[in-house]
Amino acid sequence: MMKPVSLAPGDRFGSRVVLSEAKRIGPRKMRAATVKCLCGRIDDVILSDLRSGRSKMCGDCGRGSRAAIARLHALVAAAAERGT
Ligand SMILES: [Zn+2]
């Protein structure tokens, strides 16, 4: 028996934050969470992948896409202006 894994909105994994628990996905009906990446992209991700660090950023950020990086830089710049 595996221990049930706690999952709460606001939990942070790498650059992703949990919004809510998602429907189970995949052939093994794995638990999944709806997560929002710092770049703004929202995906459903298998919980064990989040916890192991395999899915700690979205596909855009993982590939280092220029659009994702530009959005990240804009967020960082906005945070710096606010002094946070
Ligand atoms: Zn991202």
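**Figure 1. The end of helix α3 and the glycine after it, in a predicted model.** Right after α3 comes G83, and its phi is positive, near 80 degrees. The helix itself covers residues 66–82, which makes 17 residues. From first C-alpha to last, α3 reaches 24 Å, close to the 24 Å expected at 1.5 Å a residue. How many of the 17 residues of α3 are buried? The number is 1, so α3 lies largely in the open.

**Figure 2. The whole chain, to place the close-ups.** Going along the sequence, you meet the elements in the pattern β-β-β-β-α-α-α, that is, 4 strands and 3 helices. The C-alpha atoms fit a box of roughly 50 × 25 × 20 Å along the principal axes. Of the 84 residues in the chain, 19% count as buried. Take the contacts between residues at least 6 apart in sequence: 26% of them join residues at least 24 apart.

**Figure 3. The open sheet, strand by strand.** The 4 strands sit in the order β1-β2-β3-β4, and the pairing is antiparallel. Which strands are at the edges? They are β1 (12–13) and β4 (42–46), each of which pairs on one side only. As a reminder, strands of a sheet pair through backbone hydrogen bonds, either parallel or antiparallel.

**Figure 4. The β2–β3 hairpin.** Strand β2, residues 16–25, pairs with β3 in the antiparallel sense over 7 bridges. Look across from E21 and you find A33 in β3. The hairpin has 4 residues between its strands, and G26 in the turn shows a positive phi of about 85 degrees.

**Figure 5. The β3–β4 hairpin.** Strand β3 spans residues 30–37 and pairs with β4, again antiparallel, over 5 bridges. A33 turns up here too, standing opposite V45 in β4, while V35 faces D43 in β4. This hairpin also has 4 residues between the strands, and its G40 takes a positive phi near 105 degrees.

**Figure 6. The largest nonpolar core.** Eight is the tally here: the core has 8 residues in all, namely F13, V18, A32, A33, V35, V45, L47 and L50. Both β3 and α1 (47–52) supply at least two residues each. Which element gives the largest share? That would be β3, with 3 residues. In general, nonpolar side chains tend to be buried together in soluble globular proteins.

**Figure 7. L47 and its contacts, plus a second core.** Leaving aside residues up to four places away in sequence, L47 touches V5, L7, M30, R31, A32 and A33. Of these contacts, A32 and A33 are fellow members of the largest core. There is also a second, separate core of 6 residues, and C37, M57, C61 and A68 are among them. C37 falls within β3 (residues 30–37), and A68 falls within α3 (residues 66–82).

Terms used:
Residues numbered from 1 in each chain as written. Predicted model: local features only at pLDDT ≥ 70, side-chain atom pairs only at ≥ 80, totals over all residues. Pairing = 2+ DSSP bridges. Buried ≥ 20, exposed ≤ 12 C-beta atoms within 10 Å, placed from the backbone. Contact = placed C-beta atoms within 7 Å. Core = buried A, V, L, I, M, F, W, Y, C linked by C-beta atoms within 7 Å. Expected span 1.5 Å × (residues − 1).
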